[in-house]
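Please open the structure in your viewer and keep the selection panel at hand, since this tour moves from one selection to the next.

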Amino acid sequence: MFKRLKRYQFLFEELVKRDFKSKYKRTVLGMAWSLLSPLLTLLVMRLVFTQFFGRNTPHYTTYLFCGNLVFACFNESTSQGMTSLMGNAHIFTKVNVPKYLFLFSKNVQTFINFGLTLCIFFLFCLFDKITFTWKFILLLYPICGLVLFNIGVGLILSALFVFFRDIQYLWGVFLQLLMYLSAIFYTIDRYSPMVQNLFLLNPIYLFIRYFRKIVIDAVIPSAWFHLLIAADVLIVLILGCWMYKKYNTQFLYYV
Amino acid sequence: MSILEVKNVSIRYMTGDFKDIGLKEYVIRKLKHNYHINEFWADKNITFSLEKGDMLGIIGTNGAGKSTLLKAISGIMEPTEGYVKREGNIAALLELASGFDGELTVKENAYLRGAMLGYTRKFMDETYNEIIEFAELKDFQDRPFKQLSSGMKSRLAFSIASLVQPDILILDEVLSVGDGAFRKKSEAKMQEIIQGGATTILVSHSIQQVQSMCNKVLWLERGQQIAFGDVNILCSLYQQYLDKKITLSQAKNIWNNVNQHYDYLIVGTGLYGATFAQEATSRGKSCLVIDRRPQIGGNVYCENIEGITVCKYGPHIFHTNRKDIWEYVNDYVKFLPYSCSTDKYQGVPEKGYNCLIEKLLEGSTVIINMPYQRLVAAFPEIANKVIYTGSIDEFFEYSLGRLEYYGLRFEEEILDKPDFQGQAIVDYCDNETSYTRIIEHKYFTNQKSSKTVITREYSEEWLPGKERYYPIHDEKNNKLYQQYLELAKEYPNIIFDGRLGKYQYYDMDKAIASAIEKAKEVLE
């Protein structure tokens, strides 16, 4: 496995470079665009929802930002990851390369975006008078989890996309719904405990909640909460890898 | 130990509903039981193996399954059935010009392509200048790739790809890259890699290219393996198939037969060769008959032009005094009376001489377009005995000099009128006319046609390479022939006979008679 990675390292680097360049090449602001979009969403939400939810939610800006940060990352990574395999059909039909490299390279790019947004997030935390504690280190857990989760979902989606092209639209609709279900701009305190538990079925909500717990409440989530996240990540990763393994030789027929 | 083994490889493509419908439609059709998949075998049961240093050419018309097979060999595709076993690393150069990114610069694309081909960054750093130099794109290296012409794109692709030092090299139509000058350069480069000991697989639509570069050929047609083996014979068969001279099953049949061992190899399908073949097969011997020309019949070959049988190598009227020979030929075809000499039996076959030759060759395997040297180079042990009816000096590659002949030249003309001279042959013996006679072919057998075909016959000096008609029996040539006969003694298994083998002029009856006698002599 390690040897294989080493062998494709150069290709992987070049793919990342290519994805990066082709994304930012012809925009004036370059990478700033990809930062601007989550910030604008944040701004709009802040303006619109403060009146409804903001009053009794402490650090509402940070609260909102936590949600947006995670969700935007998931959104971008999966939407772009979905087409990554198909978009490189002209390569893997002619050269024998591991097909997951295309998805990985897309994910590297979205992760860099995420990292930049994360920096701005911390800046906002400063403005929002959040106290930084050592517990912030624990944010690495949901970040790693999210990255792996994105890859897992990306594997599944990009494989499905080869077979069913309308997945793209269905996924768009699904993301819209998911956003409303992820308690990004509202709190779930008002729901009954039963409904509140249902929210835990949403992995995206888990990541968001982890962020809020650490950043706003300075509380470390429970062990089973960690396990829940790990379970979600593992399930999609295993499913994604299984799909790639199973359909690896069949992608060719569908492009 | 073969370096590449392809065993019973079959590749199935699925066609039908699934390709263009989305998930929603898929679910609906599944529920309605209205979902159809058809299968299509792009390749079926392909089996061959290559040794180190082999150069395989894959031939076949469009849609034969060549590119799909290459994908299976290079590992891009898994065969549906069968397996591919490779020893060593493999480099596949498939459809070169595609797979680049138009937005990136030439240099960036070069690195990306290099990475795809499995090179290391260090290697690319070291060879990048060489690549760009070879592709002649130094001035373009920072331009976006999409601004390049398609020729430039393939040039770059080729330059990167040809840096490989693989054990197995796969080339799909890559040698037809760029303009004439670059093509030369690229071919030289390929030769260099091949000389480096790589086992190479080449797909090309140029038979000449395959013939000049490859030593083995795999012939595919609609996914079926027609043949795998010697390049010369298969290229010859393939060319005939392309020219619609033989059908696929005939080609297959010939190929399967050529892999056998024969009692007799008869070189030349003229009257002598065909008669000998007939005599031999009727005695239960197996015969392979080859001819260098693209048709059978030697100099009695006829063509049908405007409904008229035209003898392409001069008019032939069968005349003989021997009753047995006359009956012999009349057993095979019907002759119409035609008189030209004082012989007892005279005539021309009603449907031309081709019919006679075909009848005589029934039971033998016939390959046209096949020079003797080419065949024995590939199959030295193909037959126990050889009947060589070609020119004896040619057999010895003119090592002692050329035997000379009187030359003839024919000029054929199709006239848009039913009659020209009212008879078959008019001789011109005067000095003013450059031709010696005019033949109006329709009058040999009184064929009806609204047009007529005439041939003017000129006598002219014979030059090497031209058709041989009449031997010149002077002292010099006779002596030379005797010297060649001495050489022939070294080849006890080859019988030099017939008109050219004996350096004699034979009338047709004489050719047949001598073949029958020879057959009696060697077969009984």
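The stops below go from whole chains to a shared core, then to the contact between the chains and a small sheet. Please keep in mind throughout that this is a predicted model.

**Stop 1: chain A.** Select chain A and display it as a cartoon; its secondary structure consists of 12 helices and zero strands, so the cartoon should be read with helices being DSSP runs of at least four residues. Of the 255 residues in this chain, 35% count as buried. If you look at contacts between residues at least 6 apart in sequence, 82% of them join residues at least 24 apart.

**Stop 2: chain B.** Switch the selection to chain B, where 18 helices are found along with 24 strands. This chain has 524 residues, of which 40% count as buried, and among its contacts with a separation of 6 or more, 71% are between residues 24 or more positions apart.

**Stop 3: the largest nonpolar core.** Now select A:Val70 and B:Ile170 together, for these are the residues that touch the most other members of the largest nonpolar core, which has 184 residues. Extend the selection to helix α4 of chain A, residues 60–87, which gives the most to this core, with 13 residues. Then colour two regions of chain B, domain 1 (1–89 + 214–259) and domain 2 (263–403 + 468–523): both give residues to the core, so the core lies between them. Returning to A:Val70, and leaving aside residues up to four places away in sequence, you will find that it touches A:Leu146, A:Ile204, A:Phe207, A:Ile208 and A:Phe211.

**Stop 4: where the chains meet.** Which elements give two or more residues to the side of chain B that touches chain A? Select β1 (4–16), α1 (23–31) and α3 (106–116) of chain B, which are those elements; α3(B) supplies the largest share, four residues. The contact as a whole takes 26 residues from chain B and 23 residues from chain A, and the side belonging to chain B is made up of 13 nonpolar, six polar and seven charged residues.

**Stop 5: a three-stranded sheet in chain B.** Finally, select the strands β14, β16 and β15 of chain B, which form an open antiparallel sheet in that order. At its edges stand β14 (318–320) and β15 (335–336) of chain B, each with a single partner strand, so one side of each has no neighbour in the sheet. Zoom in on β14(B) and β16(B), the latter spanning residues 345–349, and you will see an antiparallel pair joined by three bridges; in one of the pairings to inspect, B:Phe318 has B:Gly347 of β16(B) as its bridge partner.

Note on methods:
Residues numbered from 1 in each chain as written. Chains lettered and ligands numbered in written order. Predicted model: local features only at pLDDT ≥ 70, side-chain atom pairs only at ≥ 80, totals over all residues. Buried ≥ 20, exposed ≤ 12 C-beta atoms within 10 Å, placed from the backbone. Contact = placed C-beta atoms within 7 Å. Pairing = 2+ DSSP bridges. Core = buried A, V, L, I, M, F, W, Y, C linked by C-beta atoms within 7 Å. Domains from an automatic or database assignment. Nonpolar A, V, L, I, M, F, W, Y, C, P; charged D, E, K, R; others polar.
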